[in-house]
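The following exercises introduce a protein structure to a reader who has not met it before. Each task is followed by a solution worked out in steps.

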Amino acid sequence: MDIIYRPLEFSDLYEYKNLLSSLFSKGFVGVLFKELCDNPNGYFFAQGAFVEDKLVGFIVGIKEYGKVRQLSEFENGLCAVTGKQLANVPAVVVHENFHRKRIGLTLLNNFLAKIPDSATFVYVPHTNLAAQHFLETAGFCANATLRKFYDEFEDALVFMK
Ligand SMILES: CC(C)(COP(=O)(O)OP(=O)(O)OC[C@H]1O[C@@H](n2cnc3c(N)ncnc32)[C@H](O)[C@@H]1OP(=O)(O)O)[C@@H](O)C(=O)NCCC(=O)NCCS
């Protein structure tokens with residue numbers, strides 16, 4: 001199977017939205033798609049995996065998190081403890097028909113290769129065990145739990161690399 005990895009473009013919007021809403025409960029990663037594609041300052045990394053011209057997976061990464069988000073108290077702490085620039089992965093998603101083919105890992109590693117000196121963190125729902133295993137395979141470690149992060153019933157685990 002040939003898999004092409006390339007930056008997301010505005011013409012991918014329809015497929016991006018479909019994939020996002022089918023697999024990602026909130027249906028929005030906190031960054032507008034247009035902003036991801038325009039990316040004038042290079043803060044974002046938005047890459048898709050394509051099979052026969054169909055989008056089967058993508059990652060949205062924020063290379064310089066502190067430049068696009070106001071850091072929470074917790075994130076300020078991460079910055080102080082690591083002494084590094086923070087990067088974040090709001091979403092990495094692979095269509096279920098294409099799971100376990102290393103597409104997610106390739107997308108994540110492609111992002112990490114761009115930010116070798118940063119500390120990268122990912123918030124994961126405590127119920128999403130698949131994502132937790134996935135991140136551990138990619139070399140991330142669970143470093144904290146944020147109680148009621150998503151809502152009253154759902155905590156977030158913070159994975160760092
Ligand atoms: C998490 C997700 C992105 C993984 O994508 P993927 O392309 O299927 O994962 P990969 O094939 O790259 O997996 C690499 C390794 O991660 C681990 N892994 C991946 N999915 C796993 C699962 N469901 N259960 C346990 N381990 C898993 C395995 O160690 C796997 O290696 P292996 O297949 O040789 O055992 C995909 O399941 C997904 O889109 N989930 C829904 C969206 C989501 O939860 N995103 C948040 C991710 S932080």
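The exercises below concern a predicted model and go from the overall fold to single residues.

**Exercise 1. The fold as a whole**

Determine how many helices and strands the protein has, in what order they run, and how its radius of gyration relates to the globule rule.

Solution. Step 1: the secondary structure consists of six helices and seven strands. Step 2: read from the N terminus, these elements follow the order β-α-α-β-β-α-α-β-α-β-α-β-β. Step 3: the radius of gyration is 15 Å, close to the 15 Å that the globule rule gives for 161 residues, and the protein is therefore as compact as a globular protein of that length. Step 4: along the principal axes, the C-alpha atoms occupy a box of roughly 45 × 35 × 25 Å. Step 5: of the 161 residues, 26% are buried. Step 6: among contacts with a separation of 6 or more, 63% are between residues 24 or more positions apart.

**Exercise 2. The sheet**

Establish the strand order of the sheet, and state which strands lie at its edges.

Solution. Step 1: the seven strands form an open sheet with mixed pairing, in the order β1-β2-β3-β4-β5-β7-β6. Step 2: β1 (4-7) and β6 (141-151) are the edge strands, since each pairs on one side only. Step 3: from one strand to the next, the twist averages 25°.

**Exercise 3. Pairing of individual strands**

Describe how β2 pairs with β1 and β3, and how β6 pairs with β7.

Solution. Step 1: β1 and β2 are antiparallel and share four bridges; Ile-4 has Phe-50 in β2 as its bridge partner. Step 2: β2 and β3 are also antiparallel, joined by eight bridges, and Ala-49 stands opposite Gly-57 in β3. Step 3: β2 and β3 make a hairpin with two residues between them. One of the turn residues, Glu-52, has a positive phi of about 50°. Step 4: Asp-53 is in the loop between β2 and β3, and its phi is positive as well, about 70°, although Asp-53 is not a glycine. Step 5: β6 and strand β7 (residues 154-160) run antiparallel and are joined by six bridges; here Ala-142 stands opposite Phe-159 in β7.

**Exercise 4. Helices across the sheet**

Which strands do α5 and α6 lie across, and at what angles do these helices run?

Solution. Step 1: α5 lies across β1, β2 (44-51), β3 (54-62), β4 and β5, and runs at about 35° to β3. Step 2: α6 lies across β5 and β7, with an angle of about 160° to β5. Step 3: a residue of α5 illustrates the packing, namely Leu-107. Excluding residues up to four places away in sequence, Leu-107 touches Gln-47, Ala-49, Gly-57, Phe-58, Ile-59 and Val-92. Step 4: the C-alpha atoms of Leu-107 and Ile-59 are separated by 6.1 Å, although the two residues are 48 residues apart along the chain.

**Exercise 5. Buried or exposed?**

Classify Leu-107, Glu-9, Asp-53 and Arg-102 as buried, partly exposed or exposed.

Solution. Step 1: a residue is buried if 20 or more other C-beta atoms lie within 10 Å of its own, exposed if 12 or fewer do, and partly exposed in between. Step 2: Leu-107 has 24 C-beta neighbours inside 10 Å and is therefore buried. Step 3: Glu-9, in the loop between β1 and α1 (13-23), has 13 such neighbours and so counts as partly exposed. Step 4: Asp-53 has 7 and is therefore exposed. Step 5: Arg-102, in the loop between β4 and α5, has 12 and so counts as exposed. Step 6: at the level of a whole strand, β2 is mostly covered, with six of its eight residues buried.

**Exercise 6. The surroundings of the ligand**

Identify the residues closest to the ligand, the elements that supply its shell, and the character of that shell.

Solution. Step 1: the ligand is surrounded by 21 residues, the closest being His-99, Gly-104, Leu-105, Ala-130 and His-133. Step 2: the elements giving two or more residues to this shell are β4 (86-94), α5 (103-112), β5 (119-125) and α6 (129-137). Step 3: α6 contributes the largest share, six residues. Step 4: by character, the shell divides into 13 nonpolar, five polar and three charged residues.

Methods
Residues numbered from 1 in each chain as written. Predicted model: local features only at pLDDT ≥ 70, side-chain atom pairs only at ≥ 80, totals over all residues. Rg over C-alpha atoms; globule rule 2.2 N^0.38 Å. Contact = placed C-beta atoms within 7 Å. Near = placed C-beta within 6 Å. Nonpolar A, V, L, I, M, F, W, Y, C, P; charged D, E, K, R; others polar. Pairing = 2+ DSSP bridges. Axes fitted to C-alpha atoms, helices over the stretch in contact; angles between N-to-C directions.
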